[in-house]
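Work through the exercises below with the sequence and the model open beside you. Try each task before you read its solution.

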Amino acid sequence: RTATVWKSLNPFWGEEITLLLPRGFCSLAVYVLDEDTIGQGDVIGKVSLSHHQISAEPRGMDSWLSLAPVNPDQEVQGEIHLELRVPERGHPRVLRCHLIQARDLAPRDPSGTSDPFAWVSCCGHTLETARVVKRTRFPHWDEVLELELPEGELGEAVLSVEVWDWDIVGKNDFLGRVEFPLGTLGPGSTRGWFQLLPFPSTTEDHEGQLGALRLAVRLVEDMVLPPHHYQPLIQLLTEPILCPGQPPEGTALAVLEEVTLGESRQDVATKLMKIFLGQGLAVPLLDYLITCELARTTDPNTLFRSNSLASKSMEQFMKVVGLPYLHEVLKPMVNRLFEEKKYVELDPGKMELSRGRRISFKGSLSEAQVQESSLELLKGYLGDIIDAIVGSVDKCPLPMRVAFKQLRRRVEEQFPMAQYEEVQYFSVSGFLFLCFFAPAVLTPKLFGLREQHAEPRTGRTLLLLAK
């Protein structure tokens, strides 16, 4: 669930959600809702993507997709486990349907569960399970229902199995169905898990009428093996760290950076950092990558400006190691900004001078007065933030401090000339401020500093402070 963007028809979330899905999942649905202060939110529409659509784009898909209307009879999911047996001959001819269980059914009740029961119908006969399984999305019936079939050829006869949510008040809710043309069932029994399907759609095409949702979706399918299978890889990656002195050009880390494209370097850095943190070698890894980048840098003005493995690894390191520290330093100030909701604007083209009445009881303020008031507020906020950061040295995690100390020393060794004296400090502040503190001030929600995104006025203040 994303945060709520209040009073907007053009919301921006910018949130990344990771879902762990079963390998055989059929589709992914994203719903857009209108949150109400009282009662449940209203569903505006949804975007549904099949497994095939997502997996067809190995690097991920990023596009605007039209919202589709939500029909309760179409909102089904899950599978049912059945065993069917249709005798070839005999009188009476009895179809035997063993309803075993179902899984991952759609929730229909406020509790997030359902009360499922099932029925089977064929050739005008209908039977239902004796038991309603209460408050579950994974019911287990283990019931056998037997239907008598007419004599002669079955022709176009179809066996229908439907699952419903029982409600004590009002009508029951549909959970899905599966159909079997009897002519397709071979001799003997048919047993397995079958995907539940919706009723055939009768809704009109509403493309574009409900708006559109921009999604960036990527499916990563990993096969995770027992730990000992990864030891040769870990040894190969950690070798240049544990056995220094070999030429960097031929190491696995150097080759990895050479063959990794810019857009996937973030993923590589994330996984590398997890591996080296697990081995207790994250800080030596950063020192190694920084040394390699410095060796190929001649102009200090371009240092760490590219999406290099060193830059991305340092960013990931700070996020993992420094997040509690970030919260301790910034959270009080961020909470204050959200609570005060002061009007701050420096750009004359974006000023709403009527807002000045909230600042002064003497009528609207001039551009110069709004600028002056905003500048004072910004300087006050910024001074408090800088004081909090500068006064937090003892709270900064030791691994971060060691990493920055190594970084400063390596830059000083590479550029010892007097005119480059400040480069060693710019290198540290470039990471610490531009990649750590400033992004957290700009979007506190994405760093866990707030549960909701800022409303527009606070968001503008945060943007100006971050800049």
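**Exercise 1. The surface.** How much area does the chain expose, and what share of it do carbon and sulfur atoms supply?

*Solution.* Begin with the origin of the values: this is a predicted model, in which local features need pLDDT of at least 70 and side-chain atom pairs count only at pLDDT 80 or more, while totals for chains, interfaces and linings use all residues. Residues are numbered from 1 along each chain as its sequence is written, and side-chain values use heavy atoms, with hydrogens and water left out. Next, take the accessible area, which comes from the Shrake-Rupley method with a 1.4 Å probe: the chain exposes about 28,000 Å². Carbon and sulfur atoms supply 54% of this area. Finally, turn to the interior, where 37% of the 467 residues count as buried (buried means under 20% relative accessible area, exposed over 50%, and partly exposed in between, with a 1.4 Å probe and protein chains only).

**Exercise 2. The overall form.** Compare the radius of gyration of the chain with the value for a compact globule of 467 residues.

*Solution.* The radius of gyration is taken over C-alpha atoms, and the globule rule is 2.2 Å times the number of residues to the power 0.38. For 467 residues a compact globule would have a radius near 23 Å, whereas the chain has 31 Å. As a further step, look along the principal axes, where the C-alpha atoms fill a box of roughly 100 × 75 × 35 Å.

**Exercise 3. The domains.** Into which domains is the chain divided, and which residues belong to each?

*Solution.* The bounds, which come from an automatic or database domain assignment, give domain 1 (1–71 + 207–217), domain 2 (74–195) and domain 3 (229–349 + 366–466). Taken over C-alpha atoms, the centres of domain 1 and domain 3 are separated by 31 Å. Even so, 7 residues of domain 1 are in contact with 7 residues of domain 3, where contact means heavy atoms within 4.5 Å.

**Exercise 4. Two backbone angles.** Find where Lys7 lies and where Asp142 lies, and then describe the phi angle of each.

*Solution.* Lys7 is placed in the segment before β1 (27–34), and Asp142 lies in strand β8 (residues 140–149); strands (E, at least two residues) are DSSP runs, numbered from the N terminus. Phi of Lys7 is near 50°, a positive value in a residue other than glycine, and this lysine is exposed, with a relative accessible area of 88%. Phi of Asp142 is near 55°, likewise positive in a residue other than glycine, while Asp142 counts as partly exposed at 46% relative accessibility.

Technical notes:
Helix = DSSP H or I, 4+ residues; strand = E, 2+ residues; numbered from the N terminus.
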